[in-house]
Amino acid sequence: MRSVRDDEQVRPTVEDEVAAAGSELIGGPSGRRALAGLGWWTPVRVIALVALGMFALGMVQKLPCYNYGWFYGATTQYTHACYSDIPHLYSGRGFDLGLVPYFDKIPQTVSGGMDYLEYPVLTGLFMEIAARLTPGGGSIQHREQLYWLINSGMLMACAAVIALCVARTHRRRPWDALLVALAPAFALTATINWDLFAVALTAAAMLMWSRGRSLAAGILIGLAAAAKLYPALLLGPLFILCWRAGRHRAFLRAVAGAAGAWLVVNLPVMLTHDASGFHVREGWAKFYTFSQERPVDFGSVWLFISQRTGNPLEEANTYATLLMILGCLALGFLGLYAPRRPRFAQLVFLVVALFILTNKVYSPQYVLWLIPLAALARPKWRDFLIWQACEVLYFLGIWFYLAYTGSGDKHQGLPVEGYQLAIVLHLLGTLYLCAVVVRDILLPERDVVRRDGSDDPSGGVLDGAPDIFVLGSARRARHAETLEGTRVQWGAASREP
């Protein structure tokens, strides 16, 4: 296995045949004498500009809805595949009335049955800030358009943060972030909802961990979990990897930071006080009760089973929880059994993908959770584009299906059988990427990140650390090294004293 200097960048046009072929559009792969990263056009700046450009194209794709589809016609926003929650919830959750999320109850006539905002606290704050920045006056349509524009501007900043963090997480592989910047599903789904805010905090947390700043990483994980639930899953891979490497203090610092940050954000909203003492505020708890009570929904394997069998699957919560627990146990075993300690990004991608695959809903914007993780876990253009093709097909499938169900007897759109096929492709695409990541873990010589002699560029204190606790084949390999009187040192020396 060849090695490179710490300051030498890996060029994807050299090691990736798809990237090399794609580079022909701009003159072909860079030559071996090319000086990368000099002058203003550094990789990070180029990637950030590309990400902003793709985000802008995604906004352009929403123009049919901005001008008409969100406000007129039962299915126009579906036939043009430009639906977004953002303008609808401006009035649907009382922001136009000046209601304060979690504190003010939403009138039933406004929300259609949702009495409080069903998003976590930091996402609610994000929505509230955008509402405060939205000028008053004019028609409700005009204000909803402005609200979407303001949210889009804030989410564009999140997109730039994500691209920058991914580009800097693997020091020698900044160009892998082009996977994020050019991902078609990223552009198409970026302004459907507010997920990019949590994704940006998660990407920043992974960058901090890669730099050995475990407390800062934990704080960002806690803040991300206060915006969306899934970032809390990062603590699971950290536990397994730190256990295997004996880096318990770093893990405990991250957990303390995450718990502290989450509590600081949530406690002021969570607790209310009256004469009988402190109580959990009903508005704060809405996100958790809604997640528990909602039925099986779009994109999930449970909806596919329900539609095919006619069974409403009222016990889907139990099934999903059991599958998630079993999957996490399997990932924990994989992390301790693998012949070489998995990279942090690999296990994070797998656990988040597991959560999405077993969840009661697999919304089209959930792909945003996985795109930065996929770029770090499996930076291979062929595999990434196969997965993205499945996601784009599902993106079109769900809107055309909703157009079909909403067009009455006209039946304009995709019938239920076609939508079920889109769900299957959607799930298989994610499973395919999971399979190649698992293969890279079990056969580390197939891992493109490790081809240059690196250990775990996103691992922080784990990078180059020796194993302390292992199972199975990893235990046998370690025992053989001990008998031979040698120890294999992967990558750089550990950063933790």
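Is Phe278 buried or exposed? In this predicted model, Phe278 is exposed, with a relative accessible area of 60%; the cut-off for that label is over 50%. The residue sits in strand E2, and its side chain belongs to a nonpolar surface patch of about 440 Å² that also takes in Leu263, Leu267, Leu271 and Val280. Two elements each give two or more residues to this patch, namely helix H15 (248–270) and strand E2 (277–280).

The wider setting of the patch comes next. The protein has 23 helices and 2 strands. Of its 497 residues, 55% are buried. The protein exposes about 21,400 Å², and carbon and sulfur atoms supply 64% of that area. Among contacts with a separation of 6 or more, 73% are made by residues 24 or more positions apart.

One helix pair shows how such elements meet. Helix H20 (residues 367–377) and helix H21 (residues 381–406) pack at an angle of about 175 degrees, and their axes are 12 Å apart. That angle makes H20 roughly antiparallel to H21, since angles over 145 degrees count as such. On the H20 side, the contact is made by Val367, Leu370, Ile371 and Ala374. On the H21 side, Phe384, Trp387, Gln388 and Glu391 take part. The spacing along both helices has a simple background: an α-helix has 3.6 residues a turn, so residues three or four places apart point the same way.

Helix H6 (residues 85–92) offers a view of a mostly covered element, with 6 of its 8 residues buried. The buried residues are Asp85, Ile86, Pro87, Leu89, Tyr90 and Gly92. They pack against helix H7 (108–111), helix H8 (121–133) and H9. Helix H9 (residues 140–169) in turn holds Gln145. This glutamine counts as buried at 11% relative accessibility, because the label applies under 20%. Leaving aside neighbours within four places in sequence, Gln145 is in contact with Tyr66, Asn67 and Phe71.

The loops on either side of H6 each carry a residue with a backbone feature worth checking on screen. Most residues other than glycine have a negative phi. Ala81, in the loop between helix H5 (76–79) and H6, has instead a positive phi near 50 degrees. Tyr102, found in the loop between H6 and H7, likewise has a positive phi, of about 75 degrees, although it is not a glycine. Ala81 is buried, with a relative accessible area of 5%, and Tyr102 also counts as buried at 5% relative accessibility.

Charged side chains add another set of links, and the count comes to 17 salt bridges. One of them joins Lys228 to Asp195, with the closest N and O atoms 3.6 Å apart. Lys228 lies in the loop between helix H13 (214–225) and helix H14 (235–245), whereas Asp195 belongs to helix H12 (residues 195–210), so the pair ties together parts that are 33 residues apart in sequence. Both Lys228 and Asp195 are buried.

A second bridge spans a separation of 104 residues in sequence. Here the side chains of Asp447 and Arg343 meet at 2.8 Å, N to O. Asp447 lies in the loop between helix H22 (416–442) and helix H23 (472–484), and Arg343 in the loop between helix H18 (316–337) and helix H19 (344–358), so this salt bridge ties one loop to another. Asp447 is buried, and Arg343 is buried as well.

The bridge between Arg439 and Asp440 has its closest N and O atoms 3.5 Å apart. Its two partners fall into separate burial classes: Arg439 counts as partly exposed at 23% relative accessibility, while Asp440 counts as buried at 0%. Beyond these pairs, a network of salt bridges links Arg244, Arg340, Arg341, Arg450, Asp455 and Asp467.

Conventions:
Residues are numbered from 1 along each chain as its sequence is written. This is a predicted model: local features need pLDDT of at least 70, side-chain atom pairs count only at pLDDT 80 or more; totals for chains, interfaces and linings use all residues. Side-chain values use heavy atoms; hydrogens and water are left out. Patches are made of residues with over 30% relative accessible area and no salt bridge: like charges are joined within 9 Å, nonpolar side chains (Val, Leu, Ile, Met, Phe, Trp, Tyr) within 5 Å. Accessible areas come from the Shrake-Rupley method with a 1.4 Å probe; for residues, only the protein chains shown count as cover. A salt bridge is a side-chain nitrogen of Lys or Arg within 4 Å of a carboxyl oxygen of Asp or Glu. Helices (H or I, at least four residues) and strands (E, at least two) are DSSP runs, numbered from the N terminus. Buried means under 20% relative accessible area, exposed over 50%, partly exposed in between (1.4 Å probe, protein chains only). Axes are lines fitted to C-alpha atoms, for helices over the stretch in contact, and angles run from 0 to 180 degrees between N-to-C directions. Angles under 35 degrees count as roughly parallel, over 145 as roughly antiparallel, 65 to 115 as roughly perpendicular and the rest as oblique. Contact means heavy atoms within 4.5 Å.
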